[in-house]
Amino acid sequence: MAIDTLKTLDVIEVMENFIEKRRPPESIRDQMDLSYKIEEQSVIVSELRPKWSRPKEMMEIQVAKATFVKVRNHWKVSCFRSDGKWHSYKPTPTVNSISEFVALIEEDKYRSFWG
């Protein structure tokens with residue numbers, strides 16, 4: 001089930017502001033950039049970097065994910081680990097808004113998102 005329209009508009013506004021604030025300078029975006037996508041009820045934040053073996057191709061490195069749980073009206077927060085799986089962000093496994101999610105990944109107090 002996808003996020004409802006009003007919540008999607010809120011997500012887009014918050015995430016666009018976050019990406020614009022956090023993106024690297026335009027001059028190096030071909031070497032490192034930042035993006036997000038909405039998939040069903042999740043928002044996934046990723047870094048974009050050239051592939052090591054084929055530098056002209058970009059690869060997506062997933063960083064953080066927030067999944068909306070409608071019955072509980074909160075967002076589950078996850079970080080992507082080196083085992084290739086999403087793991088609950090233990091210090092703060094849930095937040096009440098997408099803005100709180102962005103604040104968590106910006107602070108990254110435990111270096112769980114940006115390594």
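In the predicted model, Ile 38 is located in strand E1, which spans residues 33–39. With a relative accessible area of 31%, Ile 38 is classed as partly exposed. Because patch members must have over 30% relative accessible area, the value of 31% makes Ile 38 eligible on this criterion. Together with Leu 6, Leu 9 and Ile 12, Ile 38 forms a nonpolar surface patch of about 370 Å². The greatest contribution to this patch comes from helix H1 (residues 5–22), which provides three residues.

Nonpolar residues were also examined in the interior. In soluble globular proteins, nonpolar side chains tend to be buried together. The largest nonpolar core of the model comprises 26 residues, and the members that touch the most others are Met 15, Phe 18, Val 45, Trp 75, Ile 98, Phe 101 and Phe 113. At least two residues of this core are supplied by each of H1, E1, strand E2 (42–50), strand E3 (58–69), strand E4 (74–80) and helix H2 (98–107).

The surroundings of Val 45 illustrate the packing of one of these core members. When residues up to four places away in sequence are not counted, Val 45 touches Met 15, Phe 18, Leu 34, Ser 35, Tyr 36, Ile 61, Gln 62, Val 63, Ala 64, Phe 101, Ile 105 and Trp 114.

A charged residue, Glu 47, is likewise placed in strand E2. Its relative accessibility is 12%, so Glu 47 counts as buried. The side chain of Glu 47 is joined to that of Arg 49 by a polar contact of 3.2 Å. Beyond four places in sequence, the residues touched by Glu 47 are Met 32, Asp 33, Leu 34, Met 59, Glu 60, Ile 61, Val 63 and Trp 114. Leu 34, Ile 61, Val 63 and Trp 114 thus appear among the contacts of Val 45 and among those of Glu 47.

Backbone geometry was considered for two residues in the segment after H2, namely Asp 108 and Arg 111. Asp 108 has a phi near 45°, a positive value in a residue other than glycine. For Arg 111, also a residue other than glycine, phi is positive as well, near 55°. The two residues fall into opposite accessibility classes: Asp 108 counts as buried at 7% relative accessibility, whereas Arg 111 is exposed, with a relative accessible area of 55%.

Definitions and conventions. Residues are numbered from 1 along each chain as its sequence is written. This is a predicted model: local features need pLDDT of at least 70, side-chain atom pairs count only at pLDDT 80 or more; totals for chains, interfaces and linings use all residues. Side-chain values use heavy atoms; hydrogens and water are left out. Patches are made of residues with over 30% relative accessible area and no salt bridge: like charges are joined within 9 Å, nonpolar side chains (Val, Leu, Ile, Met, Phe, Trp, Tyr) within 5 Å. Accessible areas come from the Shrake-Rupley method with a 1.4 Å probe; for residues, only the protein chains shown count as cover. A salt bridge is a side-chain nitrogen of Lys or Arg within 4 Å of a carboxyl oxygen of Asp or Glu. Helices (H or I, at least four residues) and strands (E, at least two) are DSSP runs, numbered from the N terminus. Buried means under 20% relative accessible area, exposed over 50%, partly exposed in between (1.4 Å probe, protein chains only). A nonpolar core is a set of buried Ala, Val, Leu, Ile, Met, Phe, Trp, Tyr and Cys residues joined through side-chain atoms within 4.5 Å. Contact means heavy atoms within 4.5 Å. A polar contact is a pair of N or O atoms within 3.5 Å; within protein, one must be able to donate a hydrogen and the other to accept it, and residues adjacent in sequence count only if both atoms are side-chain atoms.
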